Structures are given as C-alpha cells and as structure tokens.
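Please look over the sequence and the model shown here before reading the notes, which are arranged by topic.

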Amino acid sequence: METATQVSVDTDRSFDRPLHSTEYLVDGALKTWTGNTTPVYSNIYTKNAEGEVGPTLLGSIPDMETDAALEALDAAEKAFCRGQGKWPTMRVKDRLKCLANFAEKMKAHREEVVELLMWEIGKNKADSYKEFDRTVDYIFDTIEAYKKLDRKSAKFDKESGIHAHIRRGPLGVVLCLGPYNYPLNETFCLLIPAIIMGNTAIFKPAKHGVLLITPLLKAFHESFPPGVVNIVFGRGRKIASPIMQTGKIDVLALIGHSSSAVALQDQHPYKNRLRLVLGLEAKNPGIVLPDADLDLTIKECISGTLSYNGQRCTALKILFVHESIVEEFNSRFAKAVDALHYGMPWEEGAFLTPLPEPNKPEYIQGLIRDAEAKGAKVINKRGGELSHNYSYPAVLYPVTSEMEVYHEEQFGPVIPIMAYRDINEPLDVMAASEYGQQVSLFGRDIRKIGPLVDVLANLVCRVNLNSACQRGPDVYPFTGRKNSAVSTLSVFDALRSFSIRTFVAAKDNPYNNEILDALMDSKDSNFVSTEYLL
Ligand code: G3H
C-alpha cells in the first residue's frame with residue numbers, strides 16, 4: 001500500500017459544510033441525540049484545514065445506545081398496537097396519501113442526497129441520480145400497485161355457501177436494515193412496502209451511506225403518524241441485536257450478508273413468529289457459449305462485472321468461457337477493462353470510482369495474491385494497480401476451485417475467468433454453489449440455449465440472455481435460491497412479502513347478508529369495503 005507520505009489528494013473539490021446531524025426520529029418526534037457521535041468520512045482524500053491529506057470529513061451521526069433503540073421499538077410497537085393501532089386499521093386511501101406526501105417532499109432533497117451518495121459511497125453521478133430517481137419512482141409505483149391490489153380485493157367471493165372478503169393485512173413491527181451499495185434505494189425497497197401495508201418500522205441505515213438519510217428525516221416526520229417510521233443511528237450490536245432479543249420484531253427485512261441475517265435471526269426468541277424478507281449475497285456466473293457474439297458479450301460482461309466497481313449483489317462474479325474462444329475473449333476483455341475510465345464520482349464519464357470501504361483495496365489484493373500463488377495470472381496490464389482507495393480491476397485467468405476468489409463473493413473489482421470444455425462443468429459448479437440468484441448466458445444457437453435454460457431456471461431465479469445480471473426493472477421479481485434470498489421483492493411482490501392474507505367470512509343467510517350489506521353501505525369498517533380506489 002501507499003505510505004502516508006505518498007498519499008495525495010484525490011480531488012480539488014472540497015466538502016465545505018460537514019453535516020453534523022444529531023437528529024433521530026422516534027414516536028413522531030425529531031429528537032436530539034446528546035450522547036456520543038460517530039464521525040463520517042469519505043474514502044476520497046482531500047486536504048483538511050491543517051493541510052493534512054486524508055479521508056474527507058463529511059459530518060457525524062449519533063452513536064445511539066440500546067435504551068434509545070428500545071425506545072424506537074416501543075414507539076413502533078405502540079403505533080401497531082398489536083394490530084389495533086391507527087395506522088394498521090386506517091383506510092388504504094389515507095395510508096397512500098401519507099406515502100405520496102412523503103415522496104413529494106423527498107423530491108426536494110435530490111441534489112443533497114446525490115452529493116452525499118457520491119462522497120459517501122463513491123457512486124458515480126449518473127448512477128447516483130439514477131438511484132434517487134428510481135427510488136422516487138418505486139414509491140409511486142408501489143402506491144399504484146397497492147391500489148390495484150386493493151381494487152382486486154374490493155369484492156366478496158362465495159364458495160360452499162360462505163361469503164368471503166379477502167384482503168392482505170399487515171404483519172406487525174418490521175426491523176429494516178439496508179446495504180451500503182444502495183443505501184437509499186434498497187432500504188426504501190424494504191421500508192416503503194412494509195409501511196404501506198400497515199406495518200410499523202424501525203430503520204437503521206447502513207454504515208456507509210448513512211448521512212444521506214438525514215436530509216429526509218423531516219419528510220418522514222411530517223408525513224407519517226407517530227411511531228410508524230422510527231429512524232435510529234449507530235452500531236448493529238447496540239441497536240439491532242437488543243431489538244431482536246426482545247422477540248417483538250415480526251419481520252426482519254434485511255439486504256446484506258447472510259451471516260448478519262442469521263446472527264440477527266438467532267437472537268430472536270420466537271423464531272416461528274419471525275418472517276424474513278432478505279436479499280443476500282450471490283456469485284452470479286456469466287457463461288459464454290462458443291457461438292456468442294463477442295462484441296456484445298464483452299460489453300455486457302464489462303457492465304455486469306464492473307458497474308459500481310462490482311459492488312452489486314447482482315454483479316457477474318465469475319465468468320465461464322468455452323475453451324475454443326477463451327483466448328480471444330480474454331485478450332479483448334482485458335483490453336476493454338484497461339480502457340475503462342477511472343475518476344471521481346462527479347466527473348463526467350467516470351465508470352470506475354473510489355471504493356468506500358477503507359479495507360477493500362487490500363482485501364482485493366489478497367484475492368489476487370492468493371490466485372497468483374495458485375497458478376492464475378493477472379491478464380490485463382493495469383490489473384491490481386493500487387492506491388489508498390482503489391485496486392484497479394484485475395482479470396484473473398485461469399482460475400481454479402482452490403482459489404479464494406472462486407468461492408468468495410468478492411464484491412469489488414476483480415474478475416475470475418475459468419475455461420470449460422463441457423457445459424456440464426459450469427452447471428455442476430452452479431448446482432454445488434451456496435448461491436442461486438441469477439446467471440447470464442451468452443450465445444445464439446437455440447438448440448443449445450433451449451435445454452440450458454430449462455436447467456438454469458432451476459439453479460437460479462433469473463436467466464439473462466445475452467445481457468448482464470440486474471435487479472431491474474423493479475416490477476420484475478427479485479429473489480434467489482439457497483443463500484441468496486428469502487422472499488421475493490418487486491413493486492408487487494414486496495406488498496405480498498410484507499403482508500398476510502386475512503379475511504372476513506360469513507355463512508350465506510338472510511341474517512348475515514343484511515349485516516354485510518349494511519356494513520358496505522355504512523363505511524363503518526375500513527377493512528370491509530368495496531370502494532374502488534382510483
Ligand atoms: O446489490 C444488489 C442490487 O440489488 C443490485 O441491483 O442490479 O439494480 O444494480 P442492480
């Protein structure tokens with residue numbers, strides 16, 4: 001690594017006004033934290049007021065203690081009130097108004113949030129705007145999806161002489177934890193459907209990408225009744241673990257690593273009551289067939305392996321290339337990787353950007369060293385070039401199952417390539433893998449692709465033909481097998497994941513029918529309603 005004296009500033013741009021936030025949201029009140037705080041640094045280096053070069057101070061957040069976390073839990077529990085609270089029993093229409101109101105208020109913070117996305121997690125400008133806009137769209141799309149769901153439920157069924165009015169109801173209190181790579185979007189993809197369905201939530205932002213939540217606190221505060229959304233800041237062991245230990249969480253909603261999900265689940269005393277909505281790690285392979293169009297394949301493999309420096313759960317994390325074309329693929333792919341533009345997140349056209357985790361470059365170097373010691377070579381000229389916050393993408397070939405990079409979800413800029421002779425080789429690797437999210441299949445011959453798709457669809461949950469793996473569009477199901485997910489997320493599926501079917505049933509007789517008729521006319525029940533939401 002560079003020595004302290006070698007380290008230079010990354011940018012002339014400065015972060016002028018550090019955001020020292022002491023606010024948190026509990027029980028409908030924006031409270032001021034008076035205890036310890038944690039400084040938030042960007043891994044992008046600038047010169048500080050004393051002229052020293054180092055990580056840029058962006059601000060600070062509360063380092064909250066367990067008591068405050070439990071206070072947030074009490075507020076969420078009180079707002080849900082075992083299903084008797086105002087929020088879970090409210091008319092759908094009124095809940096939707098709160099959500100739309102929030103989304104409108106959120107829009108006003110676009111520039112601030114994008115600036116923080118760039119500094120906090122090094123996401124390039126185009127992708128930072130995309131993350132913000134995609135999240136706002138997601139909220140409005142979720143509102144429309146819920147209206148549709150509600151319209152479908154605004155009726156009575158009759159079977160075997162029993163009338164039934166079937167809807168989806170909330171589950172209770174949700175603990176919501178998001179990842180650093182999509183600190184806004186993926187957290188909101190959990191939080192928004194959770195609350196729209198009538199649950200109440202405690203949300204703790206990720207370690208990186210935390211300050212960008214603070215401009216939105218007021219919008220949450222102004223948009224929802226007390227206790228519906230509670231936002232706390234601090235360490236998982238002081239906040240998430242004690243909350244789980246109470247047994248009062250009904251849904252653990254987490255996007256992150258399975259080890260964290262399992263550790264939290266283990267703390268819950270009544271596991272049978274705990275619903276899990278989890279988006280976890282993956283090792284999505286790209287399989288290149290002998291007849292693949294190499295121009296297209298290389299373009300998609302670049303975006304699949306290296307968008308946001310490979311820090312996406314959907315990233316292509318290993319490439320299997322047929323031995324007949326591996327040489328040509330490797331030489332062209334290596335050149336394409338070396339031609340990528342590295343720059344600061346705000347620079348036009350910067351594709352590769354600084355890594356937000358201080359230890360990541362060294363971790364990536366460790367994977368490279370291990371692979372080299374076991375026979376692989378870095379086949380691109382710039383592969384592994386190191387600075388204090390980056391390790392230039394290294395293309396490793398030939399990779400074998402003895403190497404760490406073959407097994408680990410690298411979540412960073414290193415690309416392992418294996419050659420195969422028989423298509424069963426990558427299929428067997430996938431079948432034996434601990435992960436099962438997506439695959440990219442590159443080729444043209446439908447006699448080969450047809451039977452392959454039949455098998456691949458059973459090994460993963462999305463087969464991408466001649467294109468990189470990805471989560472979007474958000475209306476499509478996002479899930480995985482084995483260690484890659486529990487439950488399904490999408491605009492529509494998330495509404496199901498955060499709810500349960502519940503219904504009113506009545507025998508078909510004059511006495512009941514008169515009551516049901518009167519109920520529908522009177523609007524005394526928010527649940528029994530055939531109102532058509534426009
Ligand atoms: O980190 C995993 C994300 O869900 C990936 O989403 O495919 O839209 O980048 P994306």
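The notes below take up the overall fold, two sheets, a few single residues and the ligand site.

This is a predicted model, and its protein chain of 534 residues has a radius of gyration of 25 Å, close to the 24 Å given by the globule rule, so the chain is as compact as a globular protein of that length. The secondary structure of the protein chain comes to 17 helices and 25 strands. A ligand is present as well, and the protein covers 96% of the 300 Å² of accessible area that the ligand has on its own.

**Overall fold**

- The C-alpha trace of the protein chain, followed along its principal axes, spans about 80 × 65 × 40 Å.
- Of the 534 residues in the protein chain, 55% are buried.

**The sheet E1-E5-E4**

- Three strands form an open sheet with mixed pairing, and their order is E1-E5-E4. In this sheet E1 and E4 stand at the edges with a single partner strand each, so one side of each is left without a neighbour in the sheet.
- Strand E5, which runs over residues 53-62, is mostly covered, with 7 of its 10 residues buried.
- On one side, strand E1 (residues 19-20) pairs with E5 in the parallel sense over 2 bridges, and here His-20 stands opposite Ser-60 in E5.
- On the other pairing, strand E4 (residues 37-47) runs antiparallel to E5 and is joined to E5 by 9 bridges, with Lys-47 standing opposite Val-53 in E5.
- E4 and E5 form a hairpin in which 5 residues lie between the two strands, and Gly-51, which sits in the turn, has a positive phi of about 85°.
- As general background to these pairings, the strands of a sheet pair through backbone hydrogen bonds, in either the parallel or the antiparallel sense.

**Residues in and around that sheet**

- Pro-18 is found in the segment before E1, and at 33% relative accessibility Pro-18 counts as partly exposed, because the range for that class runs from 20% to 50%.
- The C-alpha atoms of Pro-18 and Ser-60 are separated by 7.9 Å, although the two residues are 42 residues apart along the chain. Ser-60 is also the residue that His-20 stands opposite.
- Tyr-45 has its place in strand E4, and with a relative accessibility of 13% Tyr-45 counts as buried, because the cut-off for that class is under 20%.
- Tyr-45 and Val-7 are 38 residues apart in sequence, while their C-alpha atoms are 8.5 Å apart in space.

**The seven-stranded sheet**

- A second open sheet is formed by 7 strands in the order E15-E18-E19-E14-E13-E21-E22, again with mixed pairing. Strand E15 (377-378) and strand E22 (463-465) stand at its edges, and each has a single partner strand, so one side of each is left without a neighbour in the sheet.
- The pairing of E15 with strand E18 (residues 394-397) is antiparallel and rests on 2 bridges, and Val-378 has Leu-396 in E18 as its bridge partner.

**A buried loop residue**

- Gln-437 lies in the loop between strand E20 (435-436) and strand E21 (439-442). At 2% relative accessibility, Gln-437 counts as buried.
- Gln-437 and Ala-282 are 155 residues apart along the chain, and their C-alpha atoms are separated by 6.0 Å.

**The ligand site**

- The residues that surround the ligand are Arg-134, Asn-181, Tyr-182, Glu-186, Arg-312, Cys-313, Thr-314, Gln-470, Arg-471 and Phe-478. This shell divides into 3 nonpolar, 3 polar and 4 charged residues.
- Among the side chains of the shell, that of Asn-181 has an N or O atom 2.7 Å from an oxygen atom of the ligand, and a polar side-chain atom of Glu-186 lies 2.3 Å from an oxygen atom of the ligand.
- Arg-471 approaches through its backbone, where an N or O atom lies 2.7 Å from an oxygen atom of the ligand. Taken as a whole, the protein covers 96% of the 300 Å² of accessible area that the ligand has on its own.

Key
Residues are numbered from 1 along each chain as its sequence is written. This is a predicted model: local features need pLDDT of at least 70, side-chain atom pairs count only at pLDDT 80 or more; totals for chains, interfaces and linings use all residues. Side-chain values use heavy atoms; hydrogens and water are left out. A residue is near a molecule or strand if one of its heavy atoms lies within 4 Å of it. A polar contact is a pair of N or O atoms within 3.5 Å; within protein, one must be able to donate a hydrogen and the other to accept it, and residues adjacent in sequence count only if both atoms are side-chain atoms. Accessible areas come from the Shrake-Rupley method with a 1.4 Å probe; for residues, only the protein chains shown count as cover. Ala, Val, Leu, Ile, Met, Phe, Trp, Tyr, Cys and Pro count as nonpolar, Asp, Glu, Lys and Arg as charged, and the others, Gly among them, as polar. Buried means under 20% relative accessible area, exposed over 50%, partly exposed in between (1.4 Å probe, protein chains only). Helices (H or I, at least four residues) and strands (E, at least two) are DSSP runs, numbered from the N terminus. Two strands pair if DSSP finds at least two bridges between them. The radius of gyration is taken over C-alpha atoms; the globule rule is 2.2 Å times the number of residues to the power 0.38.
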